[in-house]
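Work through the exercises below with the structure open beside you, and try each task before reading its solution.

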Amino acid sequence: MAVNLLDFDLEGLTAFCSTLGEKRFRAVQLFRWIHQRGVADFDTMSDLAKSLRAKLASSAVVQGLPLISEHVSADGTIKWLFDVGQGNAVETVYIPEADRGTLCVSSQAGCAVGCRFCSTGHQGFSRNLGTGEITAQLWFAEHRLRARNAAAAGIGPVPRQIDNVVMMGMGEPLQNYNALVPALRTMLDDHGYGLSRRRVTVSTSGVVPMIDRLREDCPVALAVSLHAPDDALRDNLVPLNRKYPIDELLQACSRYLEKAPRDFITFEYCMLDGVNDSPEHARALLRLLQGRVACKLNLIPFNPFPASGLKRSPRERVQAFAQVLQDAGIVTTVRKTRGDDIDAACGQLAGEVQDRTQVQDRMARLRQVIPIAATAAGPLPSVAGSPP
Ligand code: SAH
Ligand code: SF4
């Protein structure tokens, strides 16, 4: 079977090329064609020898994920739904801001952690994505945005579109560690996407041993989903806390900071009405964090979905909560909810896995609503339903 070159970081591609009798600089050229130019067709790679192109054509492919749909929010957020086989789909979200573009990437189909307030968690776990399936999300999004913007502006090549990647889509990235790390390396590689370590963020519900491994193998920015100031409440909201309680988690955060590209950890805290959002919770959180771990706090307004039975905290309660922490000197921001009109907000991703019996029907229906011209193999022309 043909090897998918999206499965490799540059080191892996170099090893693969050596099995074809090719030197490292050929792997670099190939890597640049794939990731910097978005090219999947070996024949287009004009500075590779014909003989190498022939060898590649017979042994390898550059295979993206089949695109099911593309939804564009009123605020410019774009959500792509990709088919990962056997009735599973994952989502990738592009969030444009004035000075940068952020891509929210999935690491698993479903998630085994099962947080109370998370739609992905409610679906259960289907499977890990492979490195190529993680990398393909960035490969597709970057080159699709470039193609679209080049067409819109009527000009030639356009500059990089995605400056930040956050592993905050579906799944727990640190429960898919072996596939994650090569994908991160491709994001960081100067011959790949050249993203700064500070601008690639792994978000985790707190898989302590893997936080330690990430620190050694590929230290990028770290966000930790805390959501509660004590173990009793966190056990309930984030079941993984029973295995790795808060104290162990905070110790791992301190160790991570020794090698992290940023000098703080971001703690995420989803604001749930009447559950974890009182001034007393804020003070408890302050006692927990102050002087212990250099951190910033990001309060996320809960994005409701019917099965959760939970509600979003009122805006004033979120403000009061933030104030307690800010007054004590902890930088606290409230995340702006983006793309909620297309269910692209945090924790709302890919209800498509939920009901396995109907998922094929739903995908067929989606395909009818938004016809997709091609698979993700290479930059696409604009798709019906997307803006110019
Ligand atoms: N599994 C990782 C990364 C994916 S979730 C993690 O849990 O960190 C990304 C972020 O979205 C996490 O902080 C998560 O707690 C938050 N989130 C999940 N469901 C949400 C919801 N319904 N509303 C708001 N934020 C949510
Ligand atoms: Fe999994 Fe993160 Fe959702 Fe928890 S919040 S269920 S860890 S994806």
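**Exercise 1.** Sort the residues that line the largest cavity by class, then describe that cavity.

*Solution.* In this predicted model, the lining of the largest cavity comprises 16 nonpolar, twelve polar and three charged residues. The next step is to ask how many such spaces there are: a search of the whole structure for cavities of 30 Å³ or more returns one, and the volume of the largest cavity is about 500 Å³. Of the 31 lining residues, Phe117, Cys118, Met168, Gly169 and Ser225 are the closest to its centre. Turning to secondary structure, the elements that contribute two or more residues to this lining are helix 4 (119–123), strand 10, strand 12 and strand 13.

**Exercise 2.** Determine which space ligand 1 takes, and characterise the shell around it.

*Solution.* Begin with location: ligand 1 takes the space of the largest cavity. Strand 10 (200–204), strand 12 (265–271) and strand 13 (295–301) are the elements that each give two or more residues to the shell around this ligand. The shell holds 20 residues, of which Phe117, Ser203, Ser225, His227 and Asn303 come nearest. By class, the shell around ligand 1 divides into nine nonpolar, nine polar and two charged residues.

**Exercise 3.** Identify polar atoms of the protein that face nitrogen or oxygen atoms of ligand 1, and state how much of the ligand's area the protein buries.

*Solution.* Take the side chain as the starting point: a polar side-chain atom of Ser203 is 2.7 Å from an oxygen atom of ligand 1. Two backbone cases follow, in which a polar backbone atom of Gly171 lies 2.9 Å from a nitrogen atom of the ligand, and a backbone N or O atom of Asn303 is likewise 2.9 Å from a nitrogen atom of ligand 1. As for area, ligand 1 taken alone exposes 530 Å², and the protein buries 95% of that.

**Exercise 4.** Which residues surround ligand 2, and which space does that ligand take?

*Solution.* List the shell in sequence order: Cys111, Val113, Gly114, Cys115, Cys118, Gly121, Gly171, Glu172 and Ser205 are the residues around ligand 2. Sorted by class, they divide into four nonpolar, four polar and one charged. The final step is location, where the space taken by ligand 2 is found to be the largest cavity, which is also the space taken by ligand 1.

Methods. Residues are numbered from 1 along each chain as its sequence is written. Chains are lettered from A and ligands numbered from 1 in the order in which they are written. This is a predicted model: local features need pLDDT of at least 70, side-chain atom pairs count only at pLDDT 80 or more; totals for chains, interfaces and linings use all residues. Side-chain values use heavy atoms; hydrogens and water are left out. A residue is near a molecule or strand if one of its heavy atoms lies within 4 Å of it. A polar contact is a pair of N or O atoms within 3.5 Å; within protein, one must be able to donate a hydrogen and the other to accept it, and residues adjacent in sequence count only if both atoms are side-chain atoms. Accessible areas come from the Shrake-Rupley method with a 1.4 Å probe; for residues, only the protein chains shown count as cover. On a 1 Å grid over the protein atoms alone, a cavity is a set of points where a 1.4 Å probe fits but cannot get out, and a pocket is an open set with protein on both sides within 12 Å along at least five of seven lines; lining residues have an atom within 4 Å of a point. A molecule sits in a cavity or pocket if more than half of its atoms lie within 2 Å of its grid points. Helices (H or I, at least four residues) and strands (E, at least two) are DSSP runs, numbered from the N terminus. Ala, Val, Leu, Ile, Met, Phe, Trp, Tyr, Cys and Pro count as nonpolar, Asp, Glu, Lys and Arg as charged, and the others, Gly among them, as polar. Grid points are joined across faces, edges and corners, and a volume is the space filled by probe spheres set on the points.
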